[in-house]
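Q: Please give a close description of the enclosed empty space in this structure. A connected account would be welcome.

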There are 2 protein chains.
Amino acid sequence: MNVKTLCLGALTLGDASGYEIRKLFEEGSFAHFYDASYGSIYPALGQLLDEGLVSVTEMVQDRRPAKKIYHLTNDGLQVFKEALAERPVRDKLRSENIVRLFFAEYLTEDSLQAVFDGYLHDFKAMSERLRSIDRSCLTAGRAFTCGMGLASYESIAAYLETNRESFFRSVDAAIQVSASPDSHQKKDES
Amino acid sequence: MNVKTLCLGALTLGDASGYEIRKLFEEGSFAHFYDASYGSIYPALGQLLDEGLVSVTEMVQDRRPAKKIYHLTNDGLQVFKEALAERPVRDKLRSENIVRLFFAEYLTEDSLQAVFDGYLHDFKAMSERLRSIDRSCLTAGRAFTCGMGLASYESIAAYLETNRESFFRSVDAAIQVSASPDSHQKKDES
DNA sequence: GGGGCCATGTAACCCGTTACATGATTGA
DNA sequence: TCAATCATGTAACGGGTTACATGGCCCC
């Protein structure tokens, strides 16, 4: 799945400009399962236009830059449905935060705390955002994925909070041990 | 963070070949927060060798292709620590599965069920794998991230299972409504 | 006056995936 | 016999990010 397909999907929710689609990825309904930047969205919309999968209307605004409102065509909807019908690839998570928690013993205590608390803060913020959505006026799919995001964010936030103390204690303990003179597992290099 | 850095991290866990590092991403400790393929791992190891961040020993084996065992140098460990000290970027999830659940009404019932059950199966398998790990012999960071992965996978699997019925019911209901003759929100295209 | 938001777009670059190339051994 | 596992590597290609380029309005 690429940004072009995601743009088609975004337009099934209603006509939108490239700027508005970007917001959808950044803080809207797509935020918890995909990301895309202007540098990919604008070229994608241009290509979709060339292929006739979207149409565009220029909206000149008062006291605002002109907007290009994109609209999904029937062809575009068909192409989107076909793309959805393909078998999905495995979810891919890339978490630099988890990498840092995994290698906690190679960070200073300050760095580790910054990572930990920043990470916890992210999950709380995302939970908050999802919790504030009124799911009763959403389609089945949107409500379901919203609830799923909420369930996973809340469980991670809870895990982080309940295990914070013991985690820092055991990292500390490990660092004490490795700093003592009788434990040099790492030998000299060639 | 790139594959080169992750390879350095992998080697802090012990000497390994490119093939073994790949397994770490595929089914080992890294599997639930990063991914990388041979096409990125082998070139990465080659570059790290040029830069003196790893050393290599060729192991000729009986009845097996020769192995190149890579070993982290002191320089490599330093570089890895410095990379970890940088501020992590936001976690990035790319989930084609969630995209499909989000747009459930554009899938056939069969496709949707295949996606749903495949997704649930993935989470159960990953939970199973993490649950089978004996955390008592892991470092603090590894045990903690293992527990975190388990908490999130289990909560998602539970969410999927408990909401399966009602989800399919409401998707069905929506499709019935949109198929009835008096609901054509989507108008003709230019 | 300065930062942030609105708004679009391009180009260079990075990086990783996919597919290809090779080949032996082991177990069903 | 056929698939899977072990084992390394390259090259073409795709795709997205970052940074650059531009500019006005609004609020503090």
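A: In this predicted model, helix α7(A) provides the largest share of the lining of the largest cavity, namely four residues. Helices here are DSSP runs of H or I with at least four residues, numbered from the N terminus. A cavity is a set of points on a 1 Å grid over the protein atoms alone where a 1.4 Å probe fits but cannot get out, and its lining residues have an atom within 4 Å of a point.

The complete lining of the largest cavity consists of A:L107, A:T108, A:E109, A:L112, A:F168, A:V171, A:D172 and A:I175. The elements contributing two or more residues to this lining are α6 (109-131) and α7 (140-179) of chain A. Five of the lining residues are nonpolar, one is polar and two are charged, with Asp, Glu, Lys and Arg counted as charged, Ala, Val, Leu, Ile, Met, Phe, Trp, Tyr, Cys and Pro as nonpolar, and the others as polar. The volume of the largest cavity, that is, the space filled by probe spheres set on the joined grid points, is about 40 Å³.

Across the whole structure, the search finds two cavities of 30 Å³ or more. The second largest holds about 30 Å³ of space and is lined by B:L107, B:T108, B:E109, B:L112, B:F168, B:V171, B:D172 and B:I175. Helices α6 (109-131) and α7 (140-179) of chain B each supply at least two of these residues, and α7(B) gives the most, with four. By class, the lining of the second largest cavity comprises five nonpolar, one polar and two charged residues.

Residues are numbered from 1 along each chain as its sequence is written, and chains are lettered from A in the order in which they are written. Totals for linings use all residues, whereas local features need pLDDT of at least 70.

Terms used: Predicted model: local features only at pLDDT ≥ 70, side-chain atom pairs only at ≥ 80, totals over all residues. Heavy atoms only, no water. 1 Å grid on protein atoms, 1.4 Å probe; cavity = no way out; pocket = protein on both sides within 12 Å on 5 of 7 lines; lining within 4 Å.
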